[in-house]
Amino acid sequence: MTLKSYRIYLIVLAVMILGLMALGAGVRTMNAGLSCPDWPLCFGKVIPDFHPAVWFEFVHRAYAGVVALLYAAALVIAFRRKDLSQISRKSLRLAAGWGTLFLSAQIIMGGLTVLMLVKAVIVTTHLLLATLFLGAVLWMYFVVDRELSSQAVSETKTSLKSETWLPGWPVVILPVLVFSQIAIGGLVASTYAGSVCVDWPLCNGKWVPTWKGAIGLQVIHRFVAYALVALFVGLAVWAVTAARAGAKTVLPARVRGLFLFAGVIVILQTVVGILNLLFYIPPHITVPHQTLAMILLGITLRLWFEARSARLLGAVELVGGGVSDKASRAQAGLQASEAGGGQTSVDVVLS
Ligand code: HEM
């Protein structure tokens, strides 16, 4: 499989995982989670007799099986690829390793969800493992995407200079914050805390009726959301300002676009969250609410990836030699390691 086809394969797989998660949310909101009372079989059969709820749950399981097989193929390909630079090969294998870990834990957790009668903590862990698995596959996609871009840059002999962006470590906080909000959302959903107060902006007539119990959980979910809106909208405004002529920060168009995209998605997500309350958690609102959360996480992961790549590429400059301009040196780091074998300058940076 060519590297380009592999990139398409990975993004299709990521979209399929997103679809699988949406289906999972649908199963939960339609209370079909225990329609198959046993696991891994359903009513003792590989293919159960037809009943709408049973088939909803069965399709979720069968679809999960297909995703697992497709991932296994992606994993094998990741470890067999010879056309990657040293940095990319290492990153791809690492992400694939994490993905395997999350998927294995997820398969066990999926079974426990059924066997332990859909306990809230288990349902939430199931959501979080799915989120981490999606994150790992997205990361694999990012690595292959960066590799293809770097190859294209070297073919056209253009400089990476305009792409250089060294924002430092704080970017990693963004996916951590979104992941935390997803965890709180998962708890809200799995404890049915979404329906304990359905007015907005107040909750049962107060801003904070209590910080405890199901109501407290929903209130926390709301306030974390407002903080995220302030943060991401602030970052989007900063990104636009940073693009102005004469601004000190070097922000490539792609990164600026990601900040803007995050700002738009977080607002949309908040509107959908509010509608979710006002319309009493219907599946056609709660499922997009979950999907938007994953899209927001994906954007922040990409930002983290961009920051990490910029740092790695920047670091190559410190140990690379014989190339005049900073960006070209970074590029050379990726290319040099492509020859494979040996302890290249990039290896030194990564070790
Ligand atoms: C950045 C903003 C937000 C993120 C990332 C987020 C994320 C999530 C996630 C991942 C879930 C679990 C979905 C599932 O498993 O099906 C959830 C549930 C929920 N969220 Fe949010 N949310 C955000 C903002 C909001 C806001 C502003 C509100 C309302 C004011 C809200 C109300 C709810 C409700 C009611 C549920 C429970 C849905 C159910 O029972 O199925 N969310 N959220």
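## A left-handed crossing

A crossing counts as left-handed if the near helix is turned anticlockwise from the far one by less than a right angle. In this predicted model, helix 1 and helix 2 cross in just that left-handed way.

Here's how the pair sits. Helix 1 covers residues 3–29 and helix 2 covers residues 52–80, and they pack with axes 10 Å apart at an angle of about 155°. Since angles over 145 degrees count as roughly antiparallel, that makes helix 1 roughly antiparallel to helix 2.

## What fills the contact

On the helix 1 side, the contact uses Tyr6, Tyr9, Leu10, Leu13, Met16, Ile17, Leu20, Leu23, Gly24 and Val27. Facing them from helix 2 are Phe56, Glu57, His60, Tyr63, Ala64, Val67, Leu70, Tyr71, Ala74 and Ile77. Sort the residues of this contact by type and you get 17 nonpolar, two polar and one charged.

## Arginine 28

Helix 1 also holds arginine 28. Is this residue buried or exposed? Arginine 28 is buried, because 22 other C-beta atoms lie within 10 Å and the cut-off for burial is 20 or more.

Have a look at glutamate 57 too: its C-alpha is 9.3 Å from that of arginine 28, with their positions 29 residues apart along the chain. Glutamate 57 is also one of the helix 2 residues that meet helix 1.

## Helices 6 and 7

Helix 6 runs over residues 213–242, which is 30 residues; at 1.5 Å a residue it should span 44 Å, and its end C-alpha atoms are 43 Å apart, so the two figures agree. Its buried residues are a mixed bunch: Gln218, Val219, His221, Arg222, Leu228, Phe232, Leu235 and Ala236. Helix 5 (173–190) and helix 7 are among what covers them.

Helix 7 (residues 253–278) has 26 residues and reaches 38 Å from first C-alpha to last, close to the expected 38 Å. Buried along helix 7 are Val255, Leu258, Phe259, Ala262, Gly263, Val266, Gln269, Gly273 and Asn276. After helix 7 comes tyrosine 280, which has a positive phi, near 60°.

## The whole chain

Stepping back, the protein has 10 helices and zero strands, so to speak an α-α-α-α-α-α-α-α-α-α pattern when read along the sequence. Of the 351 residues in the protein, 36% are buried.

How much of the contact count comes from residues 24 or more positions apart? Among contacts with a separation of 6 or more, such pairs account for 73%.

Conventions
Residues numbered from 1 in each chain as written. Predicted model: local features only at pLDDT ≥ 70, side-chain atom pairs only at ≥ 80, totals over all residues. Axes fitted to C-alpha atoms, helices over the stretch in contact; angles between N-to-C directions. Helix = DSSP H or I, 4+ residues; strand = E, 2+ residues; numbered from the N terminus. Parallel < 35°, antiparallel > 145°, perpendicular 65-115°, else oblique. Contact = placed C-beta atoms within 7 Å. Nonpolar A, V, L, I, M, F, W, Y, C, P; charged D, E, K, R; others polar. Expected span 1.5 Å × (residues − 1). Buried ≥ 20, exposed ≤ 12 C-beta atoms within 10 Å, placed from the backbone.
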